[in-house]
Amino acid sequence: MPRLVAQSPEFAGQTFDLKGPEVTVGRLPDNGIQLEHASVSGHHATFKLEGQDYIIQDHDSTNGTRINGDKISQQKLRRNDILRLGNIEMLYDSEHQPPGQPMPEPSARVNLAECNTHGRPAEFVNASPIVKKARGKQSLAWTLSLTGLTLLALGSVAYFVWLIFLNAPTVS
């Protein structure tokens, strides 16, 4: 049997069985389910049996009716939906588990090997402010600078060796 399980602290632990083809809910005592709370309208909504589950219809209540966070005027309830009547939150519980949505039909497969874009759209432009350096390509200026520094270092070492060993005063 479908039922509402109160989640709000004001009604925590209370359950309300939904019996019959139509059940009204509101703050006034003439409703099938009475919720004495200031945020609930006098005649807030009606539950109407359709198949094995209920449809809830809001009666233009002041604070509205929400299901899973979305404001509704009328909607079919599914197991484990969270209802909010004004500020009162309730869980809709039902033994009936509606079937899930069927899987979509598989589409034609795309052969990515035939793709000439290499995964990048043709109009793609790099938006990075940092220029990407080319890999594997060294400029001629860099090569000449490195060669010149190497020759200068070798020449300096040779000069110091010459000063120390070849130009040293002999001791007699």
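## Strands S3, S5 and S6

In this predicted model, Val25 stands opposite Ala45 in strand S5, a pairing that belongs to the contact between strand S3, residues 22–26, and strand S5, residues 45–50, which run antiparallel and are joined by four bridges. Ala45 also has a partner in strand S6, where it stands opposite Asp58. Strand S6 covers residues 53–58 and runs antiparallel to S5, with six bridges joining the two.

S5 and S6 together form a hairpin that leaves two residues between the strands. Gly51 lies in the turn of this hairpin, and its phi is positive, at about 70 degrees.

## The five-strand sheet

The strands described above are part of an open sheet of five strands, whose order is S4-S3-S5-S6-S9 and whose pairing is mixed. The edges of this sheet are formed by S4 and S9, each of which pairs on one side only. As general background, the strands of a sheet pair through backbone hydrogen bonds, and they may do so either parallel or antiparallel.

## The six-strand sheet

A second sheet, also open, is built from six strands in the order S2-S1-S11-S10-S7-S8, and here the pairing is antiparallel. Strand S2 (15–17) and strand S8 (70–72) stand at its edges, and because each has a single partner strand, one side of each is left without a neighbour in the sheet. From one strand to the next, the twist averages 30 degrees.

Within this sheet, strand S1, residues 3–6, runs antiparallel to strand S11, residues 88–93, and four bridges join them. Leu4 has Tyr92 in S11 as its bridge partner. In general terms, the side chains of a regular strand alternate between the two faces of the sheet.

## Loop residues with positive phi

Two residues that are not glycine have a positive phi, and both are found in loops. Asp60, with a phi of about 50 degrees, is placed in the loop between S6 and strand S7 (65–67). Its relative accessibility is 76%, which is over the 50% cut-off, and Asp60 therefore counts as exposed.

Asn80 has a phi near 70 degrees and is found in the loop between strand S9 (74–76) and strand S10 (82–85). The relative accessible area of Asn80 is 46%, a value between the limits of 20% and 50%, so this residue is classed as partly exposed.

## Other loop residues: His37 and Thr62

His37 is found in the loop between strand S4 (33–34) and S5. Because its relative accessibility of 18% is under the 20% limit, His37 counts as buried. The side chain of His37 makes a polar contact with the side chain of Glu10, at 3.2 Å.

Thr62 is found in the loop between S6 and S7, and at 69% relative accessibility this residue counts as exposed. Thr62 and Ser39 are 23 residues apart in sequence, and their C-alpha atoms are 7.9 Å apart in space.

## The helix and its nonpolar patch

Helix H1 covers residues 140–166, and Leu163 has its place within this helix. Leu163 is also one of the residues that make a nonpolar surface patch of about 980 Å². The other members of the patch are Val157, Tyr159, Phe160, Val161, Trp162, Ile164, Phe165 and Leu166. With a relative accessibility of 32%, Leu163 counts as partly exposed, and because patches are made of residues with over 30% relative accessible area, this value meets the accessibility condition for membership.

## The chain as a whole

Taken over its full length, the protein chain has one helix and 11 strands as its secondary structure. Read along the sequence, the pattern is β-β-β-β-β-β-β-β-β-β-β-α, with the helix coming after the strands. Of the 172 residues in the protein chain, buried residues make up 26%.

Key
Residues are numbered from 1 along each chain as its sequence is written. This is a predicted model: local features need pLDDT of at least 70, side-chain atom pairs count only at pLDDT 80 or more; totals for chains, interfaces and linings use all residues. Side-chain values use heavy atoms; hydrogens and water are left out. Two strands pair if DSSP finds at least two bridges between them. Patches are made of residues with over 30% relative accessible area and no salt bridge: like charges are joined within 9 Å, nonpolar side chains (Val, Leu, Ile, Met, Phe, Trp, Tyr) within 5 Å. Accessible areas come from the Shrake-Rupley method with a 1.4 Å probe; for residues, only the protein chains shown count as cover. A salt bridge is a side-chain nitrogen of Lys or Arg within 4 Å of a carboxyl oxygen of Asp or Glu. Buried means under 20% relative accessible area, exposed over 50%, partly exposed in between (1.4 Å probe, protein chains only). Axes are lines fitted to C-alpha atoms, for helices over the stretch in contact, and angles run from 0 to 180 degrees between N-to-C directions. A polar contact is a pair of N or O atoms within 3.5 Å; within protein, one must be able to donate a hydrogen and the other to accept it, and residues adjacent in sequence count only if both atoms are side-chain atoms.
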